[in-house]
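Reader: I have a chain on my screen and would like to talk it through before I go back to the bench. Could you walk me through it?

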Amino acid sequence: MKIDNPAQTQTLGADLRALRKARGLTLAELAEGLGRSVGWLSQVERDKSEPGISDLRHMAVALDVSVSSLFRQDAVPVQEQGYIVRAGARRPIGSREAGLVEELLSPDLTDDFEMVHSTFEAGSQIARPVTRPTQEVGYVVSGKLDIWINGTTHALDAGDSFRVRGEPYRWMNPYDQPAVVIWVIAPPVY
């Protein structure tokens, strides 16, 4: 996908549109779920109208993301918009599972994939398997992590990588140190 002006994608509207499409929702379906008109939602996605805090909360629930992931963090210099994400300016994303901190490494959600920095705290785990219509690849930067994919548990060390293609999976960090994983997901889900 070619983006003529990456700065144009650095908007709330572009991210909302990408999230809506990643969930297979039409404008009409999401608007109905929000109790809003299609016209209003279309204007929000085109950055012609700004949603209020209450609207953002409802959108976060409807799109299964954290409210904080819909807010821009720091102002990005124009020449870096759509290209650079500084370490201190990453957006928090995800469902905020206990013991998991996720930050978006991609500049926005408008690409065919997203890149995520995940920190799994010592002793943390996800309770139930997750199944998503995605292809996901992870690389363990530091620590250790166990991942259960479609009935088989794999113990991963720093330097190991894995792939999940629409299968049910869960993660567990039964170890005494955090694990840091770089996760690439296509299509974007956050």
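Reader: Of the contacts with a separation of 6 or more, what share comes from residues 24 or more positions apart?
Author: In this model, which is predicted, residues 24 or more positions apart account for 62% of the contacts in the protein chain that have a separation of 6 or more.

Reader: And in what order do the elements run?
Author: From the N terminus on, the order is α-α-α-α-α-β-β-β-β-β-β-β-β-β, and the counts for the protein chain are 5 helices and 9 strands.

Reader: How much of the chain is buried?
Author: Of the 190 residues in the protein chain, 42% are buried. The chain exposes about 10,000 Å², and carbon and sulfur atoms supply 50% of that area.

Reader: Let's take H5, then; which of its residues are buried?
Author: Helix H5 spans residues 53–63, and its buried residues are Asp55, Leu56, Met59, Ala60 and Leu63. They cover an arc of only 140° around the axis, so they sit on the same side of H5.

Reader: What covers them?
Author: The cover over the buried residues of H5 includes helix H2 (12–22), helix H3 (27–34) and helix H4 (38–45). Just after H5 comes Asp64, which takes a positive phi of about 55°.

Reader: What about H4, which residues are buried there?
Author: In H4 the buried residues are Trp40, Leu41, Ser42, Val44 and Glu45, and their cover includes H2, H3 and H5. H4 is followed by Asp47, whose phi is positive, near 60°.

Reader: Glu45 is charged, so what does its side chain meet?
Author: The side chain of Glu45 meets that of Arg20 in a salt bridge, at 2.6 Å from N to O. Because Arg20 lies in helix H2 and Glu45 in helix H4, the pair ties together parts that are 25 residues apart in sequence.

Reader: Are those two buried or exposed?
Author: Arg20 is buried, with a relative accessible area of 7%, and Glu45 is buried as well, at 3% relative accessibility. Arg17 belongs to this picture too, since Arg17, Arg20 and Glu45 are linked in a network of salt bridges.

Reader: Why would such side chains pair in general?
Author: Side chains of opposite charge can pair when their charged atoms come close.

Reader: How many salt bridges are there?
Author: The count comes to 6 salt bridges. One of them joins the side chains of Asp55 and Arg36, at 2.9 Å from N to O. Asp55 lies in helix H5 and Arg36 in the loop between H3 and H4, so this pair ties together parts that are 19 residues apart in sequence.

Reader: How accessible is each partner in that one?
Author: Asp55 is buried, with a relative accessible area of 16%, whereas Arg36 is partly exposed, at 34%. Another salt bridge joins the side chains of Arg86 and Glu80, at 2.4 Å from N to O. There Arg86 is partly exposed, with a relative accessible area of 49%, while Glu80 is buried at 13%.

Reader: Changing topic, which residues touch the most other members in the largest nonpolar core?
Author: That core has 38 residues, and Met59, Leu70, Phe120, Ile147 and Trp183 touch the most other members. Met59 is also one of the buried residues of H5.

Reader: What does Phe120 touch?
Author: Leaving aside residues up to four places away in sequence, Phe120 touches Gly99, Leu100, Leu145, Trp171, Asn173, Pro178, Ala179, Val181 and Trp183.

Reader: And on the surface, which residues make a nonpolar patch?
Author: Phe113, Met115, Val137 and Val184 make a nonpolar surface patch of about 290 Å². Val137 is placed in strand S4, residues 135–142, and is partly exposed, with a relative accessible area of 41%.

Reader: Last one: where does Arg23 lie, and what does it touch?
Author: Arg23 lies in the loop between H2 and H3 and is partly exposed, at 27% relative accessibility. Not counting residues up to four places away in sequence, Arg23 touches Leu63, Asp64, Val65, Pro188, Val189 and Tyr190. The C-alpha atoms of Arg23 and Ala62 are separated by 9.8 Å, although the two residues are 39 residues apart along the chain.

Notes:
Residues are numbered from 1 along each chain as its sequence is written. This is a predicted model: local features need pLDDT of at least 70, side-chain atom pairs count only at pLDDT 80 or more; totals for chains, interfaces and linings use all residues. Side-chain values use heavy atoms; hydrogens and water are left out. Buried means under 20% relative accessible area, exposed over 50%, partly exposed in between (1.4 Å probe, protein chains only). Helices (H or I, at least four residues) and strands (E, at least two) are DSSP runs, numbered from the N terminus. The arc is that of the directions from the helix axis to the C-beta atoms. Contact means heavy atoms within 4.5 Å. A salt bridge is a side-chain nitrogen of Lys or Arg within 4 Å of a carboxyl oxygen of Asp or Glu. A nonpolar core is a set of buried Ala, Val, Leu, Ile, Met, Phe, Trp, Tyr and Cys residues joined through side-chain atoms within 4.5 Å. Accessible areas come from the Shrake-Rupley method with a 1.4 Å probe; for residues, only the protein chains shown count as cover. Patches are made of residues with over 30% relative accessible area and no salt bridge: like charges are joined within 9 Å, nonpolar side chains (Val, Leu, Ile, Met, Phe, Trp, Tyr) within 5 Å.
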